[in-house]
Amino acid sequence: MLMFFMLLIHNADGQIRYSVSEEMKKGSLIGNVAQDLGLDLKRLRSGRARIVTGESVQYTELKTDKGILVVNERIDREQICGHVTPCSFSFEIILENPIELHRVIIEILDVNDHSPTFKSSHIHLEISESAATGSHFDLESAEDPDVGLNSLQNYMLSSNDNFVLKQQSNAKGNKFAEMILQKPLDRELNSHLYLKLIAVDGGTPQKSGTVNIDITVLDANDNAPVFNQSEYQATVRENAPIGTYITTINASDADSASYGLVTYSFSNLRGNLADMFNIDKASGQIYVAGKIDFEKDKTYEIRVGAKDQGGLTAASKVIIEVVDVNDNAPIINVMSFSSPISEDAPPGTTIAVINVKDADSERNGQITCSIVSKHSFKIQSSLTNYYSLLSDMIFDRETKSEYNITITATDSGSPSLSSATTLCLKISDVNDNAPLFDKLSYSAYIRENNSPGVSIFTVSARDSDWNQNARISYLIENTQVSGSPVSAYISINSETGVLHAVRTFDYEQINQLKLLVKAQDGGSPPLSSNVTVTILIQDQNDNAPQVLYPVQSGGSLVAEMVPRSADVGYLVTKVVAVDVDSGQNAWLSYKLQKSTDRALFEVGLQNGEIRTIRQVTDKDAVKQRLTVIVEDNGQPSRSATVNVNVAVADSFPEVLSEFTDFTQDKDYNDNLTFFLVLALAVVSFLFITCLVVIISVKIYRWRQSRLYHSSLPVIPYYPPRYSDTLGSGTLPHVYNYEVCRTTDSRKSDFGRAGSQNILIIDPSMTGTMQRMQNEKSILDEPDSPIEVRLCLLVLQA
């Protein structure tokens with residue numbers, strides 16, 4: 001019957017000890033670990049409590065739900081410890097978060113589960129009949145793997161008349177038996193004796209083993225061998241090669257001839273000793289025959305016998321001390337390893353717990369642990385043979401994301417042996433870096449008249465964090481542009497950072513956008529940074545030049561007068577044009593495209609001034625028509641044309657008849673009849689209104705002379721809708737053009753071109769214009785007190 005004993009001991013170093021009988025059934029209770037360690041069941045579960053052991057077989061199991069320790073595998077004390085007593089094994093219970101380490105020692109109590117057994121079933125002895133009373137005869141020892149009372153206790157010899165049994169013990173307490181001859185043998189009376197040797201243990205119930213002893217009685221040999229030493233001492237190094245000499249035993253026999261010839265042998269070899277040592281039967285030299293391991297046995301005690309040819313024997317013992325050799329390197333077992341570890345873990349955080357063992361003894365088994373990365377990590381001892389690996393720095397995953405930590409265990413032997421293990425520690429990311437743009441600010445360009453949705457520019461930010469913490473999203477901060485939200489102009493792809501135009505841009509309305517782009521990572525809490533993006537709208541040549549002067553109308557006629565006495569370079573008029581584009585798209589140039597007489601006038605390329613290039617002659621036509629083209633510098637260029645009518649004459653009546661058909665100088669060649677009828681009507685009308693025109697001209701001259709004395713500048717009046725033009729550059733609407741002149745304005749070329757030399761001709765107003773020409777003489781008088789403000793009304797036909 002198996003018995004259970006439990007002994008609980010709390011040690012100051014965190015150890016608990018239990019005693020348990022061997023051969024207990026699987027699942028049998030060993031002890032309440034939670035209660036004995038003072039741990040809560042929740043702590044066992046949350047800390048993932050588990051058993052760590054360097055043994056290949058885990059004999060115990062921890063029930064974390066109940067906090068108890070139970071038998072997991074069959075526990076055989078003899079298999080685990082052999083003859084070593086007391087017998088125990090240990091393991092550690094480790095908990096995490098935080099790491100705790102508790103040692104548990106299990107002492108195995110022996111039960112009487114083995115009977116004493118003899119190596120052989122028969123013992124053969126040859127004893128001379130002349131053997132003296134009191135002679136000793138060694139018998140084979142029985143073996144009982146149990147210990148204590150359960151081990152071998154006594155030997156008993158079956159009843160006989162010649163021998164009694166004497167029991168002895170060696171230095172280790174192992175019992176063996178000797179037969180002592182108490183009555184001389186008589187071969188002639190009985191040549192064979194049959195006895196039984198019984199070995200019993202002290203267990204309950206008691207168990208025993210038996211071996212038969214066959215004794216052959218030999219003829220007389222009255223001297224037994226005698227050893228020269230009662231005990232031999234020898235040493236041998238572990239791992240000594242087979243055949244290594246250990247020592248020599250020697251015995252002598254006083255008999256002569258064959259009775260004095262002694263042979264040597266081992267007796268009562270226990271276990272595997274017969275395989276480890278060998279003896280020369282003739283010389284008594286003992287040699288190594290197998291592998292000697294100091295870690296298994298430190299001392300061997302061998303009984304040796306000497307036997308002569310007459311059958312007499314003598315016994316002695318050889319004690320062999322095994323000298324330890326540093327043949328075992330330390331063994332490193334990683335009990336717990338926390339990887340990855342957060343980069344914000346403080347210095348001193350426990351990273352790993354390791355167990356280091358060395359099977360050697362004394363200095364050969366003394367171990368020191370070290371690590372290579374001394375400035376980043378440190379190692380310190382916790383329990384016996386246990387070390388904790390601690391951090392000794394502040395981690396930065398962006399600088400270094402993993403560490404290879406090599407732990408080296410070195411013993412103190414000579415030469416020393418060492419072993420190493422490498423732990424790969426990974427550093428987990430913390431969102432401690434905000435996204436950074438690759439530039440402090442960005443500038444991008446886009447042409448006006450773009451298509452909505454076109455991509456403009458790409459902003460890019462990087463985040464040195466990892467995974468979700470480095471996942472960047474882009475967005476535009478909510479700002480105002482010209483009173484509208486910036487989102488009405490620009491959008492951004494949140495993943496790629498590509499900026500897109502939401503609408504079509506017009507440089508003439510807006511030429512620059514400033515927006516704030518935010519890059520935000522996916523950490524918790526998220527981090528962000530901003531950058532300013534300036535988008536410059538590039539001008540396109542999408543507007544043609546617009547002619548402001550001379551004003552063009554559909555039916556009325558404005559003409560510039562050039563006297564025949566005009567000098568070379570005389571300023572006829574100036575073409576004034578504007579272009580709402582910018583840059584080179586607004587650089588205007590003026591060219592004379594077509595004229596009645598190309599040799600008489602020229603146009604300033606940059607300023608649009610029309611001047612004479614030679615002296616006017618009588619042969620020059622009175623009616624001159626110039627076509628000026630105004631071009632910008634864009635690619636491709638845009639242009640507008642303007643027709644300038646010039647009258648070369650000294651007086652208004654001289655050219656009046658020439659200008660009656662001036663307004664008809666259009667490209668209407670397909671309707672010749674219409675022109676002829678219209679010309680006839682104009683001539684009739686001029687005849688009727690001739691007197692009215694003469695009077696009007698006289699008044700006009702008188703009032704004009706008063707106007708020359710005024711210091712007021714000439715101010716052209718630009719109607720509010722002057723930019724509403726077509727591609728031809730003309731203004732097809734009704735406008736008022738007001739010119740105010742002073743008496744000093746006669747000195748200005750532009751003034752003369754814009755007032756004195758301007759003829760306004762309308763088919764229905766021929767008589768009126770003649771009257772105005774007649775009044776010109778009155779207006780030219782310098783002493784006229786009348787100040788006239790001349791307003792020219794240009795009407796659309």
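How much space lies in the second largest pocket? About 880 Å³. That is a handy way into this structure, which is a predicted model, and the points below go through its pockets, a cavity and some charged residues.

1. Let me stay with the second largest pocket for a moment. Of the 41 residues that line the second largest pocket, Leu125, Asp138, Ser265, Ser267 and Thr313 are the closest to its centre. The elements that each give two or more residues to this lining are strand 10 (122-128), strand 11 (136-138), strand 22 (262-267), strand 25 and strand 26 (313-323). Strand 22 supplies the largest share, with 5 residues. By class, the lining of the second largest pocket divides into 16 nonpolar, 15 polar and 10 charged residues.

2. Next, the largest pocket, with a volume of about 1800 Å³. Its lining counts 45 residues, and the closest to the centre are Cys81, Gly82, His83, Val84 and Asp297. Two or more lining residues come from each of helix 3 (77-81), strand 7 (87-95), strand 12 (142-143), strand 13 (152-157), helix 4 (273-276) and strand 25 (299-308). The class split of the largest pocket's lining is even: 15 nonpolar, 15 polar and 15 charged residues. You may like to look at strand 25 on screen, since strand 25 is listed for the largest pocket and is listed again for the second largest pocket.

3. Now for the enclosed spaces. The structure holds 9 cavities of 30 Å³ or more. The second largest cavity has a volume of about 110 Å³, and its lining is made of Ser141, Asn170, Asn174, Lys175, Phe176, Asn268, Arg270, Glu301 and Arg303. Strand 15 (175-181) and strand 25 are the elements that give two or more residues to this lining. By class, the lining of the second largest cavity has 1 nonpolar, 4 polar and 4 charged residues.

4. Glu238 deserves a look if you plan to think about charges. Glu238 sits in the loop between strand 19 (231-237) and strand 20 (245-248). What is the nearest side chain of opposite charge to Glu238, and how far away is it? The answer is Lys291, 7.8 Å away; Glu238 is buried and has no salt bridge. The side chain of Glu238 does have backbone partners: a polar atom of this side chain lies 2.9 Å from the backbone nitrogen of Phe294, and the side chain also reaches the backbone nitrogen of Val325 at 2.7 Å.

5. Asp463 is another buried acid without a salt bridge. Asp463 lies in the loop between strand 38 (461-462) and strand 39 (473-476). The nearest side chain of opposite charge to Asp463 is Arg397, at 6.9 Å. The side chain of Asp463 reaches the backbone nitrogen of Asp465 at 2.9 Å.

6. Arg397 itself is paired elsewhere: the side chains of Arg397 and Glu398 meet in a salt bridge, 3.4 Å from N to O. Are the two partners buried or partly exposed? Arg397 counts as buried because its relative accessibility is 11%, whereas Glu398, with a relative accessible area of 23%, is partly exposed.

7. That pair belongs to a wider set, as the structure holds 18 salt bridges. Lys63 and Glu61 form one of them, at 3.5 Å from N to O. Lys63 is partly exposed at 31% relative accessible area, and Glu61 counts as partly exposed at 29%. Glu23, Arg74 and Asp76 are linked in a network of salt bridges.

8. Which distant parts of the chain does the pair of Lys591 and Glu631 link? Lys591 is in strand 50 (residues 589-595) and Glu631 is in strand 53 (residues 623-631), 40 residues apart. Their closest N and O atoms are 3.6 Å apart in a salt bridge. Lys591 counts as partly exposed because its relative accessibility is 41%.

9. A last point, on Leu571, which is found in strand 48 (residues 571-574). Leu571 has a relative accessible area of 6%, so it counts as buried. The C-alpha atom of Leu571 is separated by 4.5 Å from that of Arg611, although these residues are 40 apart along the chain.

Note on methods
Residues numbered from 1 in each chain as written. Predicted model: local features only at pLDDT ≥ 70, side-chain atom pairs only at ≥ 80, totals over all residues. Heavy atoms only, no water. 1 Å grid on protein atoms, 1.4 Å probe; cavity = no way out; pocket = protein on both sides within 12 Å on 5 of 7 lines; lining within 4 Å. Points joined across faces, edges and corners; volume = space filled by probe spheres on them. Helix = DSSP H or I, 4+ residues; strand = E, 2+ residues; numbered from the N terminus. Nonpolar A, V, L, I, M, F, W, Y, C, P; charged D, E, K, R; others polar. Buried < 20%, exposed > 50% of the residue type's maximum accessible area, 1.4 Å probe, protein only. Lys, Arg positive; Asp, Glu negative; His and termini not counted. Salt bridge = Lys/Arg side-chain N within 4 Å of Asp/Glu carboxyl O. Polar contact = N/O pair within 3.5 Å; in protein donor to acceptor, adjacent residues only side chain to side chain.
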